[in-house]
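Open the model in your viewer and keep the sequence panel beside it. The tour goes residue by residue, then pulls back.

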Amino acid sequence: MQISEHFSMDEFCISDTAKRLGIANLPDQQASESLVYLVRNLLEPLRQAYGKPLHINSGYRCPALNRAVGGVSSSQHLKGEAADISCDDPVALLQLLRQTELVFDQAILYPTFLHVSLRRQNNRQRIIIKKK
């Protein structure tokens, strides 16, 4: 299912770890709706502003997959509210996000990717820089 011009639902559910372990990583209705909200209100506008491809490393994670990858039990990936994005310059992507008026909950910069999340309400606009 195509969610927006640049993102499809499949890319948020595909996982090499899930395939290797035989985990069906399929979001329920609520997580699917949250993914659509995330894409339409944050990721697609951010992609449009960036003007270059963004690759989803990790989107939705079912509980079994979240455990398998060492995710925290409160991960927004479990709810379809978060995505880890790789691109040619994650630092520039974070700078662009800060310059836009896009609402987000968290933006966590890792050395090779940017984690972003969006809730339907009470978004914190929280930015964290991880050095390792």
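Where does Leu 118 lie? Select Leu 118: this residue is in the loop between β4 and β5. Keep in mind throughout that the model is predicted.

**Stop 1: Leu 118**

Show the surface around Leu 118. The relative accessible area is 4%, under the 20% cut-off, so Leu 118 is buried. Now display its contacts, leaving aside neighbours within four places in sequence. Tyr 37, Leu 38, Asn 41 and Leu 42 touch Leu 118. So do Glu 81, Val 103, Phe 104, Asp 105 and Asn 123. Next, draw a distance from Leu 118 to Glu 44. Their C-alpha atoms are 13 Å apart, with the two positions 74 residues apart in sequence numbering.

**Stop 2: Ser 117**

Step back to Ser 117, which lies in strand β4. Buried or exposed? Ser 117 counts as buried because its relative accessibility is 0%. Pick Gln 76 as well. Ser 117 and Gln 76 are 41 residues apart along the chain, yet their C-alpha atoms are separated by 7.1 Å. Gln 76 is also on the contact list of Ser 117, again leaving aside neighbours within four places in sequence. The others on that list are Leu 38, Leu 42, Glu 81, Ala 82, Phe 104, Asp 105 and Gln 106. Compare the two stops: Leu 38, Leu 42, Glu 81, Phe 104 and Asp 105 contact both Leu 118 and Ser 117.

**Stop 3: Asn 122 and Gln 125**

Move on to Asn 122, in the loop between β4 (114–117) and β5 (126–129). Check the backbone. Most residues other than glycine have a negative phi. Asn 122 is not a glycine, but its phi is positive, about 55 degrees. Asn 122 is exposed, with a relative accessible area of 61%.

Select Gln 125, which lies in the loop between β4 and β5. Gln 125 is not a glycine either, and has a positive phi of about 55 degrees. How exposed is Gln 125? Its relative accessible area is 37%, so Gln 125 counts as partly exposed.

**Stop 4: His 77**

Jump to His 77, in the loop between α4 (63–68) and β2 (82–86). This histidine is buried because its relative accessibility is 3%. Which residues does His 77 touch, not counting those up to four places away in sequence? Select Ser 58, Gly 59, Tyr 60 and Arg 61. Then add Ala 82, Ala 83, Asp 84 and His 115.

**Stop 5: the annotated range**

Colour residues 6–103. An unreviewed UniProt entry annotates this range as "domain: Peptidase M15A C-terminal". The chain there is 49% helix and 9% strand. The C-alpha atoms at the two ends of the range are 19 Å apart.

**Stop 6: the whole chain**

Zoom out and switch to cartoon. The protein chain has five helices and five strands. Follow them along the sequence: α-α-α-β-α-β-α-β-β-β. The C-alpha trace spans about 40 × 35 × 30 Å along its principal axes. The radius of gyration is 14 Å, which agrees with the value near 14 Å for a compact globule of 132 residues.

Turn on the surface. The chain exposes about 7300 Å², and carbon and sulfur atoms supply 48% of that area. Of the 132 residues, 48% count as buried. Among contacts between residues at least 6 apart in sequence, 59% join residues at least 24 apart. Last, colour by charge. There are 16 positive and 13 negative charges, and their mean positions are 9 Å apart.

Notes:
Residues are numbered from 1 along each chain as its sequence is written. This is a predicted model: local features need pLDDT of at least 70, side-chain atom pairs count only at pLDDT 80 or more; totals for chains, interfaces and linings use all residues. Side-chain values use heavy atoms; hydrogens and water are left out. Helices (H or I, at least four residues) and strands (E, at least two) are DSSP runs, numbered from the N terminus. The radius of gyration is taken over C-alpha atoms; the globule rule is 2.2 Å times the number of residues to the power 0.38. Buried means under 20% relative accessible area, exposed over 50%, partly exposed in between (1.4 Å probe, protein chains only). Contact means heavy atoms within 4.5 Å. Accessible areas come from the Shrake-Rupley method with a 1.4 Å probe; for residues, only the protein chains shown count as cover. Lys and Arg count as positive and Asp and Glu as negative; His and the chain ends are not counted. The place of a charge is taken as NZ of Lys, CZ of Arg, CG of Asp or CD of Glu. UniProt positions are given in the numbering used here, feature names are shortened, and annotations may be inferred rather than shown by experiment.
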